[in-house]
Structure formats: structure tokens, C-alpha cells
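Hi there,

Here is the structure I promised to pass on. Have a look at it first, and then read on for what turned up.

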Amino acid sequence: LHVRFPAMKISSLIRFFNQFQGRMAVLLLLFPLWIGTGCSSLQPLSDDAKKAQEIISLVNTLNQSYVQKDRAGFFSFFALDNPSAFDSIKFRVEEDFTNAASIHLVMNVDRIVYEKGSISVSLFWDGKWEGRNTRDPILRHGDGVLTLSETHPLRIVRTEGNLPWTTANIP
């Protein structure tokens, strides 16, 4: 098979490639710069962002301690400045740990407010408690506020609202 191309079309094709070659060279030079700016290292986190991550981590660890019925771990998050409030929470949590065969709980941070001297953490949660003496699980959900000390390590100094360890009432 013998194919013959007209000369005019070949010269147009050559001109097109010559023009494209210049554009391609510019693109090839700019491409590494474009990639370099898009893949540059992340900016370091601000102090507030680091503190927010620490608070979210505290809530997640508190949640895990409650679900795993880890008394020492759970109570280690509470400041002992207000013994009567702590005793009330301790009584309810001990009751939950004793009466529940299993606990499934998901707590999510909704908002963090930094106030002078303290930090308010609004959270919402969904929980399921399976009692040792009951057939049907107890399903609850709610929201509440944990007030944390601003000093390190962060500790819960006050609780408000409908929190998981105050609502289950497992028979």
C-alpha cells in the first residue's frame, strides 16, 4: 500500500508541531513549579488547633474508657475539686458498669468554647446499654457540656445537661 500526502498538509502539520513544541516546553517547565506548590509541606497547626485536637482526643478516650468499663481510666479525667459532684457521677457510672452487660456509645464534639480559665465542650451522643437482667437494650441519646480546666493535664471540672452516664438507668 502506497499513501501519498499532499505537501501542503505536511507543511501545515510541521508548523503545528513547531508551535506546539514551544507551548509544550513552557508547560513542562511550569509543571514542576505547579506540583511543588500543591505538594508543599503543610503549615504547622496553630495553638488553638492543637488544643482542639487534644480536647477531641480527651473526649474519645473518655468514651473508650466508659465503653470498656475502665473505672480508673474513666475517673482519671475528672478533677476532684468538687467532691459532691464527683461522687454523684461516680455512683452513676459504677451503677452502669455493674448493671450493663455491654455498652455501645458514640460521643461527638459539637463545639469548643474557650473561656477565661476554662473550656466548654458541647457534645452529642448516642448510646445502647444491654442490661444483665433485661432482654431489651436501653437506647438513649442526648447532649451535654463538659467544662474542662485550662491547665494541663486537661480535667473535667463540671458537667451539665444530658450526658450518657447520667441517663441510662439500667435495671
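Let me start with the turn late in the chain: β3 and β4 form a hairpin, with 6 residues as the link. Please keep in mind that this is a predicted model. The two strands of that hairpin, β3 and β4 (residues 156–161), run antiparallel and are joined by 5 bridges.

β3 has a partner on the other side of the sequence too. Strand β2 (residues 118–131) pairs with β3 (residues 138–149) in antiparallel fashion, through 12 bridges. These two also make a hairpin, again with 6 residues between them.

If you want one residue to click on, try V145 in β3. Which residues stand opposite V145? In β4 the residue opposite V145 is E160, and S122 also stands opposite V145. As a general point, side chains in a regular strand alternate between the two faces of the sheet.

Stepping back to the whole chain, you will find 4 helices and 4 strands. How are they ordered along the sequence? The pattern reads α-α-α-α-β-β-β-β, so to speak helices and then strands.

A few overall values may help as well. The protein chain has 171 residues, and 28% of them count as buried. About 11700 Å² of the chain is exposed, with carbon and sulfur atoms supplying 58% of that area. Looking at contacts between residues at least 6 apart in sequence, 57% join residues that are at least 24 apart.

Happy browsing, and best wishes!

Notes
Residues are numbered from 1 along each chain as its sequence is written. This is a predicted model: local features need pLDDT of at least 70, side-chain atom pairs count only at pLDDT 80 or more; totals for chains, interfaces and linings use all residues. Side-chain values use heavy atoms; hydrogens and water are left out. Buried means under 20% relative accessible area, exposed over 50%, partly exposed in between (1.4 Å probe, protein chains only). Contact means heavy atoms within 4.5 Å. Accessible areas come from the Shrake-Rupley method with a 1.4 Å probe; for residues, only the protein chains shown count as cover. Two strands pair if DSSP finds at least two bridges between them.
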